[in-house]
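Thanks for coming. I will take one chain and go through a few places in it. Please have a look at the sequence and the structure first.

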Amino acid sequence: MPDKRHSSHYKPIVENPHSTVVAEYTPIYAAEQSYQSEAHLETAFIEQLKAQGYEYLPIKGEEDLIQNLRRQLEKLNDITFSEEEWRRFFKACLANPNEGIEEKTRTIQEDHIKILERDDGTTKNIYLIDKKNIHRNTLQVINQYGTAQGRHPNRYDVTILVNGLPLVHVELKRRGVALREAFNQIARYQRESFWAGSGLFEYVQVFVISNGTHTKYYSNTTRREHIREQGKKVRKGKRTSNSFKFTSWWADAKNQPITDLMDFTQTFFVKNTLLNILTRYCVFTSERQLLVMRPYQIAATERIINRIEISTNHKQVGTCKAGGYIWHATGSGKTLTSFKTALLATHLPDIDKVLFVVDRKDLDYQTMREYDKFQKGAANSNTSTRILKQQLEDPKARIIITTIQKLDRFIKKNKGHSVFNQHIVIIFDECHRSQFGQMHRAITRAFKRYHLFGFTGTPIFAQNAASREGIRWTTEQIVGDRLHAYTIVDAIRDGNVLPFKVDYVSTMREKEQIDDEQVAAINRESALLAPQRIQNVVRYILEHFDQKTRRNTYYRLHERRLRGFNSILAVASIDAAKRYYSEFQRQMESLPSDKRLKVALIYSFGQNEDIDGLVDENPEDTTGLDQPSRDFLERAIQDYNRMFGTDYDTSPEKFQNYYKDVSQRVKDREVDLLIVVNMFLTGFDATTLNTLWVDKNLRYHGLVQAFSRTNRILNSVKTHGNIVCFRNLEEATNRAFALFGDKEAVSVVFMRTFDEYYEGYTKNGKPVLGYRTLIQQLLDDFPLGQPIAGEEAKRDFVVLYGQILRMKNILSTFDDFEGKEILTPRQWQDYQSIYLDLYQEFRKSSEAEQEDIRDDLVFEMELVKQAEINVDHILMLIEKYRQEQKTTEEIQTEVGRVVQASVTLRNKKDLIMQFIASLDPGANVIDRWETFIQGKKKEELDQIIERENLNPQHTYAFIQRAFEDGYIEELGTDITRILPPVSRFSPDTDYSCLRERIIDALKAFFDRFYVLSGKEL
């Protein structure tokens, strides 16, 4: 039954073909008070879509879906398929069984015009979607589409068809249900049935999830990319993950989120907006990942394109009025926005070329790949200007990526060049750098018909402008008006970057009051370099490193299992960097090997200190260093070479490669701590970096830029960026975030206090329970030793324990939390065992039933795994209990309790219990374990080979590769070599089921033994 808000009440927002994001939106539906079921919500949503011009279709199954697809493509392409033509076209171009999500995404994004071979031998272009005249496309809506062809029968909520293809899918939950449950339900559909049948639902580009109150969207490859980062491999067309953090809010151009489903529908689902998002504001990257732009990115892009068109018409080209700047917070995706802007600008008819200008430090491999994908040769890292000159002179080269340094050299060497008279768009990826002022003067003197645009996370205002030649230049004076802003407050509020936790650690006390500020500053810097103070700071970092960087946390990234995060130590001078590096080496000599850090050092010659306290360092230039500093750096690089087996030094070419290698190893979390003076404090992105140790004076944009190295989103364990200040930067920090945020910045940008998380606080007028209250509720409602009866109680336990895990994860980075955990280690083990038991129970029940909402219950498994117990710890426990002369039964009981609380070891409990029972008095536990587990591996693999009649030689080789690579490869010919000799076309054998069963058996074997032993089979 329709919601009382009848369709006649709905009026879509006025459609503007030049604006995808509405300028300002006032929520309409927040005042509704009556209860709304999920069915009512779905009906109201569909009614709204119909009022906005969508055609509703009562399609419930695949046959009708395919027939409608045929009719819509015939209509779009003004053609009538013969039966044979449709059969060939559908099978080859739309439902190719060898294509999965990635291939179908590439079809929609890059290959949407297919060739039809007609019965008479001629060919015709068939558009799947018209990207030039978007309103020629037909939008339809279906609901409760059912399929029984996957692993389990499923029924989907609402799907938007574009020319008959399902390109947008909407999953709804009733108001009051966690939004994440809708996300998890789509994950289940992707596992179980989107790929089934003809696989048409793998064409979905954008998913929308809503519980009525909150609505978000995300791309189809969000999960695939997440699961790749987790180091898992999944079958083509069956990719999934749980990366809820990478979903996005929709908003107006003033960054006000539009969350209610009906408000969301009136803006996001307006035909012009949705089609623009699908056809213009998606980027399919060189890594085959689909990125759907966020509203602030779209708004900024359209503001720039609009400025180019208007200023050209008003003959303002070559002036400040022809350009402008985009203020988007560091970490919010400026490079993607500027990349898409550059691509769209090349399509403007009057534009000759688009130059995308970056600093050499930011010209990373990924940026170059994206531009080269668009136009071969658009990006080159050659330091000479010869290639740049060739590109500028080539009329076919519409888009060029270059560095500030290279463009500067070109301008100086080619005065009067014809390109200076062409109509050029120049986009600076970062326009807060000091080089930009010099570059600006060179550009405006040389180019005559230009549009100059800058992107920055920290604009230069009057308050933070450095004086150059007696003038304080601001970003607005250099490039023009601010066209769009998305501040760090907006980014943190939307969850696109993390907030900061700032600790101020006092390391010295002023002995006397000194009136002369200059003398005081000199004395203070001298005192800050005192050996005793350096020793204390290094000791503090070593003692707190594990806690701040979560070194006892385990997670997977790019198929590697990592421990915790890593950090940067920013110091005030090269002299300070040298002293810190030496002190780390000295203090770590006495530490056991597992407590030593991999410390790297990098600095280069720099000058021109700005008002923010940063000096521009050239990563190639070590020639300006004094000899002692260069010699010291040479020795530090030799330490690095020994640590990683590399061959770098301080010569210009090898030092540049050292810089690149250090950058990559920090990103891959191979370096624990990097000591820098100024390098890596701006423009460097590493998701594994979570801590910045600061022993230098930072101000304004330099402070925000440096802090922002730590707050990239990675996983649920990384909840914030850690800043540990060894100087009193509190006032400077507050000033900086007030300038680049707003007066409310402090309440958004910084984490709450320990007491608030521990005792509770109020948010938006509602109480948030603290850790102490949550633990008390756990002890009162779910006392250990008493069974949890009933599904509702079990669900309540899962929700409560999940809250506790999230709160404990935050509190564990506070020094004050030690000794205040309330629960004993054994109680934690017992509660975690219950949690994992319920996880297994709910998963098994949902697999047995056709559809079960318990499958969508949120389990915080990433937070459980962070405190994972490894095999070494278990073996140590066994040895400890044997030395205490406990009986075999007692050891099995004690160790079993620990194993049961472990995600990775609990399904290996029987092996560990057998091992304990097999131990002879006096046997060496470690040596005996290796022998025992190798024997068990061979025994159980031989059983699988015999049971399934597999090829023994190929099976052993296949599993050996899996242990070396860290996963079972399910695709390719290797798996086929081990299968029994059965015809895949035999009517008596389901070849695909046989293959699936064997893969599942080998995966179970791999999961059982991989973490218990080394890479050798």
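Which residues in α32 meet which residues in α33? On the α32 side they are Leu911, Ile912, Gln914, Phe915 and Ser918. On the α33 side they are Val925, Arg928, Trp929, Phe932, Ile933, Lys936 and Glu940. By type, the residues of this contact divide into seven nonpolar, two polar and three charged.

Before going on, I should say that this is a predicted model.

Now the geometry of that pair. Helix α32 covers residues 909–918, and helix α33 covers residues 925–948. Their axes come within 11 Å and cross at roughly 130°. An angle over 145 degrees would count as roughly antiparallel, and 65 to 115 as roughly perpendicular. The crossing of α32 and α33 is therefore classed as oblique. In handedness, α32 passes α33 in a right-handed crossing.

For the chain as a whole, the counts are 36 helices and 31 strands. The chain has 1017 residues, of which 57% count as buried. If we take the contacts with a separation of 6 or more, 73% of them are between residues 24 or more positions apart.

Next, two backbone angles. Most residues other than glycine have a negative phi. Which value does phi take at arginine 669? It is near 60°, so a positive value in a residue that is not glycine. Arginine 669 sits in the loop between α21, residues 652–667, and β27, residues 673–676. Is arginine 669 buried or exposed? Its relative accessible area is 12%, and the cut-off for buried is under 20%, so arginine 669 is buried.

The other angle is at tyrosine 700, again not a glycine, where phi is positive at about 45°. Tyrosine 700 belongs to helix α22, which spans residues 700–707.

The last stop is asparagine 728. Where does asparagine 728 lie? It is in the loop between β29, residues 721–725, and α23, residues 730–740. Asparagine 728 has 68% relative accessibility, and because exposed means over 50%, it counts as exposed. Its side chain reaches the backbone nitrogen of glutamate 730 at 3.4 Å. Lysine 696 is 32 residues away from asparagine 728 along the chain, and the C-alpha atoms of the two are separated by 9.6 Å.

To put the two loop residues side by side: arginine 669 is buried, whereas asparagine 728 is exposed. That is what I have for today.

Key:
Residues are numbered from 1 along each chain as its sequence is written. This is a predicted model: local features need pLDDT of at least 70, side-chain atom pairs count only at pLDDT 80 or more; totals for chains, interfaces and linings use all residues. Side-chain values use heavy atoms; hydrogens and water are left out. Helices (H or I, at least four residues) and strands (E, at least two) are DSSP runs, numbered from the N terminus. Buried means under 20% relative accessible area, exposed over 50%, partly exposed in between (1.4 Å probe, protein chains only). A polar contact is a pair of N or O atoms within 3.5 Å; within protein, one must be able to donate a hydrogen and the other to accept it, and residues adjacent in sequence count only if both atoms are side-chain atoms. Axes are lines fitted to C-alpha atoms, for helices over the stretch in contact, and angles run from 0 to 180 degrees between N-to-C directions. Angles under 35 degrees count as roughly parallel, over 145 as roughly antiparallel, 65 to 115 as roughly perpendicular and the rest as oblique. A crossing is left-handed if the near helix is turned anticlockwise from the far one by less than a right angle, and right-handed if clockwise. Contact means heavy atoms within 4.5 Å. Ala, Val, Leu, Ile, Met, Phe, Trp, Tyr, Cys and Pro count as nonpolar, Asp, Glu, Lys and Arg as charged, and the others, Gly among them, as polar.
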